[in-house]
Amino acid sequence: MSQTIAKSNQTKRWQEMDAAHHLHPFTTHHQLAKTGARVITHAKGVYLYDSEGRKLIDGMAGLWCVQVGYGREELAEAGYKALKELPYYNAFFQTTNPYTAELSQKLSEVTPKGIDRFFFANSGSEGNDSAVKIIRYFWNLQKKPNKKIFIARKKAYHGVTIAAASLSGLTSMHPQADLPMPGFVHIDCPYWYGEGGDMSPDEFGLKTARALEEKILELGADNVAAFVAEPVQGAGGLIIPPATYWGEINRICKKYDILLHVDEVICGFGRTGNWFGSQTYGIEPDMINMAKGLSSGYQPIAAVGLGGRVGDVIFNSDEEWSHGFTYSGHPVACAVALANLEVMQKEHLVEKAGGSTGAYFQKKLAELGDHPLVGETRGVGLLGAIELVKNKATREKYPSELDVGYRCRVHCFDNGLVMRAIGDTMVLSPPLVISESEIDEIFYLARKCIDLIARDLG
Ligand code: PLP
């Protein structure tokens, strides 16, 4: 077990400093203090290395973001060049810089049809908070000030800032900060395996899409600003929408004049086999939010992309738009993002995720479905979920006190694999550069760890 490995003095020193002074994201700190944090010191390709010299294959591409793999010289060089030439300047006061201008142009080429103006932020959460402000402003300019309610979904994850956390439908995120804010409501999501009962996936897709229509009718379309959703729900458990879902959502948003804001923070940049999840699922967004794969996580950068309907109104307003960050369009982040997109294009990473690499990954994922503990495997492109259950026939889950997913994740770490646990659903989202032999390694280790947890459970 990782806890029993003798630790070097250097590792212990870092762990002690960390335990004393570092507040980690989403962590129970007194528990972490007992084991000490794992110290990752370097990474190359699809592999991470810790301070004890252990090698881990990163089945999660960091936090769903390192599309081009670790240690890419092209991105490092681009960042270094920008750091020397223009380490900082802002985009306020009628100013831009070559990197931000070029990145805006490049994004207009790869984002879904019609999305062609970009506001830059530093994180996916800030992007969604910015989107909420843009949408409120849009409806104010349209002289429809009552259209203010945001409809999002249960199990959605849109980030942690106040509005992004209010959009999120993971209820554990709300009570600590008295959220959601007023004006944010959540409807059921298309989680067929867990909630579809006897319905076919297609029937359930329609039912959950029509929950949006029911909510709009209940609230009054004149009061609803937007529907906000991820193409595939990521942190909520990798919920893949049934084929009927998104077409119906497009229809409903148009019928009731509700803006559709699509959160592409995970699905963007090739993850689902196209540049954006909206393209994979035929979604017709008015706006999108992107981050993570935009720079492969090498720099903190996010962008909100606006389609003509919203973008024209904001652009043509005589008022100054009162929003923007010190680091909006940061030259170094934009330079690295540009280099990242160039690598993705040169190496055809999106085509591979939607073609040979994605197909191989999905084949190996599906093979795990024969394991007695695996209720369902599901995936698209280079996203995969393995849902662990007590009873395959009835889909009965293990009691949550058993922490089956968490314990499986510990086995994974101990055996050299990073696989995330969301409840008892194990999730994979590897770098898009992954090779077939590295995919084999991931699934060999995944099966081994599921065997280990099966053994533990008796
Ligand atoms: N939206 C989605 C779909 C995400 O998955 C995330 C992060 O995982 C966010 C927004 C928030 O992004 P960040 O952590 O960069 O604020």
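Okay, let's start with one residue: Leu402 has 15 C-beta neighbours inside 10 Å, so Leu402 counts as partly exposed. To be buried, a residue needs 20 or more of those neighbours, and exposed means 12 or fewer. And where does Leu402 sit? Its place is the loop between strand 12, residues 383-388, and helix 16, residues 404-414. Leu402 also has a partner to look at, Asp424: the two are 22 residues apart in sequence, and their C-alpha atoms are 9.8 Å apart in space.

One thing before I go on: this is a predicted model.

Now let's zoom out to the whole chain. How many helices and strands does the protein chain have? There are 17 helices and 15 strands. The radius of gyration is 22 Å, and the globule rule gives 23 Å for 458 residues, so the chain is as compact as a globular protein of that length. If you lay the C-alpha trace along its principal axes, it spans about 65 × 60 × 45 Å.

What share of the 458 residues is buried? That would be 48%. And take the contacts between residues at least 6 apart in sequence: 72% of them join residues at least 24 apart.

Right, helix packing. When two helices pack, we describe them by the angle between their axes and the distance between the axes. I've got three pairs for you.

Pair one is helix 4, residues 73-85, with helix 13, residues 331-346. Their axes come within 8 Å and cross at roughly 150 degrees. Angles over 145 degrees count as roughly antiparallel, and that makes helix 4 roughly antiparallel to helix 13. The crossing is right-handed. Who is touching whom? From helix 4 you have Glu74, Leu75, Ala78, Gly79, Lys81, Ala82 and Leu83, and they meet Pro331, Val332, Ala335, Val336, Leu338, Ala339, Asn340 and Val343 of helix 13. Sort that contact by class and you get 11 nonpolar, 2 polar and 2 charged residues.

While we're on helix 4, have a look at Glu85, which is found in that helix. Is Glu85 buried or partly exposed? It has 13 C-beta neighbours inside 10 Å, so Glu85 counts as partly exposed. Along the chain, Glu85 and Pro331 are 246 residues apart, yet their C-alpha atoms are separated by 9.5 Å.

Pair two: helix 15, residues 356-367, and helix 17, residues 436-457. They pack at an angle of about 20 degrees, with axes 10 Å apart. The cut-off for roughly parallel is under 35 degrees, so helix 15 is roughly parallel to helix 17. This crossing is right-handed. On the helix 15 side, the contact is made by Tyr360, Phe361 and Lys364, and on the helix 17 side by Glu436, Ile439 and Phe443. By class, that's 4 nonpolar residues, no polar ones and 2 charged ones.

Pair three brings helix 17 back, now with helix 16. Here the axes come within 9 Å and cross at roughly 130 degrees, which makes helix 16 oblique to helix 17. Helix 16 passes helix 17 in a right-handed crossing. Helix 16 brings Val404, Arg407, Cys408, His411 and Cys412, and these meet Leu445, Cys449, Ile450, Leu452, Ile453 and Asp456 in helix 17. The class count for this contact is 8 nonpolar, 1 polar and 2 charged residues.

Last topic: the backbone. As background, most residues other than glycine have a negative phi, and most peptide bonds are trans. So let's see some spots that go the other way.

Trp64 isn't a glycine, but its phi is positive, about 60 degrees. You'll find Trp64 in helix 3, residues 61-64. With 24 C-beta neighbours inside 10 Å, Trp64 counts as buried.

Then there's Phe269, also not a glycine, with a positive phi of about 65 degrees. Phe269 is in the loop between strand 8, residues 259-263, and helix 11, residues 277-281. How many C-beta neighbours does Phe269 have inside 10 Å? It has 31, so Phe269 counts as buried.

And which residues are joined by a cis peptide bond? Leu179 and Pro180, with omega at about 0 degrees. Pro180 is in the loop between helix 7, residues 162-167, and strand 6, residues 184-187.

That's my tour, thanks for listening!

Terms used:
Residues are numbered from 1 along each chain as its sequence is written. This is a predicted model: local features need pLDDT of at least 70, side-chain atom pairs count only at pLDDT 80 or more; totals for chains, interfaces and linings use all residues. Helices (H or I, at least four residues) and strands (E, at least two) are DSSP runs, numbered from the N terminus. The radius of gyration is taken over C-alpha atoms; the globule rule is 2.2 Å times the number of residues to the power 0.38. Two residues are in contact if their C-beta atoms, placed from the backbone, lie within 7 Å. Axes are lines fitted to C-alpha atoms, for helices over the stretch in contact, and angles run from 0 to 180 degrees between N-to-C directions. Angles under 35 degrees count as roughly parallel, over 145 as roughly antiparallel, 65 to 115 as roughly perpendicular and the rest as oblique. A crossing is left-handed if the near helix is turned anticlockwise from the far one by less than a right angle, and right-handed if clockwise. Ala, Val, Leu, Ile, Met, Phe, Trp, Tyr, Cys and Pro count as nonpolar, Asp, Glu, Lys and Arg as charged, and the others, Gly among them, as polar.
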